[in-house]
Amino acid sequence: MYILRKTSTIVLMIAMGGTMAHAETKPAATDIVIVHGALVDASGWRAVHDILTKDGFHVTIVQEPLTSLAEDVEATKRVIGQQTGPVVLVGHSYGGSVITEAGADIKVSTLVYVAALQPDAGEAGGQLMSKFSAPNDAMRVVTNRATPDKYFFIPPAKFRETYAADVSAPDAQFLADSQQQLAEKALGAPVSAAAWHTKPSYAILTTQDHVVSPELQRWMYQRSGAKVTELSASHAVFVSQPDAVARVIEAAAKETINR
């Protein structure tokens, strides 16, 4: 009887040990919320979404209205509220302003800036962009181009060279033809809080960017102390290099898991 109990105990310990070892190596479930930038929508993030999902993460992409900073922040907060947390909050381009403010939410643990604006409290995205000269002539045209009701857009003929120089011609044309225009007032609104002061941030610096200049990106990311990965890529790095973008997001997620 004693031998039977002892054997059963050993078997149970082995089984539990195997389960524990498996739990230690299995990635913890982490919610990733992605906020797209201006002039595009969530569809361009499909490849990044699929990589992260395959690797076991729960991914949600916010479809912002791009009508005002306040409304874009609220749209992001609604999505954050639906997560179980902790949340890795990712922002591209103008979406960096959105996550800087929305990232103050208690569920958000880590911020990831992808070729993104990273303002401080009281700063507006447009204010930051004026800090350095426009990266090229095409972008200077864009900054002076808006609809009568003051929404920014890139003329389709200039889109690829400005936004997506390293993206295939058909894909760049689709991005150009499906632009989601940005309200001028959204770029001019200051953020009320800067979550990167109290939460760790990662950043992807795109060295061939013709929208948010690499010099501005470097200045912002050095100021915040972000962990920077430099990629030789255009502003559309999430389309041209989805694997590299996913790797940075996963690194941020693993830090969230381990803290």
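Glu230 is partly exposed at 47% relative accessibility, where partly exposed denotes values between the limits for buried (under 20% relative accessible area) and exposed (over 50%), computed with a 1.4 Å probe on protein chains only. The structure is a predicted model, in which local features need pLDDT of at least 70 and side-chain atom pairs count only at pLDDT 80 or more, while totals for chains, interfaces and linings use all residues. Residues are numbered from 1 along each chain as its sequence is written, and side-chain values use heavy atoms, with hydrogens and water left out.

Glu230 forms a salt bridge with Arg218, the closest N and O atoms being 2.9 Å apart; a salt bridge is taken as a side-chain nitrogen of Lys or Arg within 4 Å of a carboxyl oxygen of Asp or Glu. Because Arg218 belongs to helix α10 and Glu230 to strand β8, the pair ties together parts that are 12 residues apart in sequence. Helices (H or I, at least four residues) and strands (E, at least two) are DSSP runs numbered from the N terminus. Arg218 is partly exposed, with a relative accessibility of 30%.

The structure holds 5 salt bridges. Another of them joins Arg223 to Glu123, with the closest N and O atoms 2.9 Å apart. This pair links distant parts of the chain, 100 residues apart: Arg223 is in helix α10 (residues 214–224), whereas Glu123 is in the loop between β4 and α5 (125–129). Arg223 is partly exposed at 28% relative accessibility, and Glu123 is buried, its relative accessible area being 15%. A salt bridge within one helix is formed by the side chains of Glu74 and Lys77 (4.0 Å, N to O). Both residues lie in helix α3, 3 residues apart, which is about one turn of the helix. An α-helix has 3.6 residues a turn, so residues three or four places apart point the same way. Glu74 has a relative accessibility of 40% and counts as partly exposed, as does Lys77 with a relative accessible area of 35%.

The protein has 12 helices and 8 strands. An open sheet is formed by 6 strands in the order β2-β1-β3-β4-β7-β8, with parallel pairing; two strands pair if DSSP finds at least two bridges between them. At the edges are β2 (58–62) and β8 (227–231), each of which pairs on one side only. The average turn between neighbouring strands of this sheet is 20 degrees, direction ignored. Axes are lines fitted to C-alpha atoms, for helices over the stretch in contact, and angles run from 0 to 180 degrees between N-to-C directions. Strands β7 and β8 run parallel and are joined by 5 bridges; Ile204 has Thr229 in β8 as its bridge partner.

Helix α3 (residues 69–81) packs on the sheet, where it touches β1 (31–35), β2, β3 (87–92) and β4 (108–114), and its direction makes about 160 degrees with that of β2. Contact means heavy atoms within 4.5 Å. Helix α4 (residues 95–102) lies across β1, β3 and β4 and runs at about 150 degrees to β3. Since 8 of the 8 residues of α4 are buried, this helix is largely enclosed by the rest of the structure. The cover over its buried residues includes β1, α3, β3, β4 and α5.

Lys199 is located in the loop between α9 (184–188) and β7 (201–206). Lys199 is buried yet has no salt bridge, and the nearest side chain of opposite charge, that of Asp105, is 6.3 Å away; Lys and Arg count as positive and Asp and Glu as negative, while His and the chain ends are not counted. A polar atom of the Lys199 side chain lies 2.8 Å from the backbone oxygen of Val108. With neighbours within four places in sequence set aside, Lys199 is in contact with Gly103, Ala104, Asp105, Ile106, Val108 and Ser109.

Ala183, in strand β6 (residues 182–183), is buried at 2% relative accessibility. Its C-alpha is 8.9 Å from that of Leu69, although the two residues are 114 apart in sequence. Excluding neighbours within four places in sequence, Ala183 is in contact with Leu66, Thr67, Lys150 and Tyr151. Across the protein, residues 24 or more positions apart account for 72% of the contacts with a separation of 6 or more. Buried residues make up 50% of the 259 residues.

Key. A polar contact is a pair of N or O atoms within 3.5 Å; within protein, one must be able to donate a hydrogen and the other to accept it, and residues adjacent in sequence count only if both atoms are side-chain atoms.
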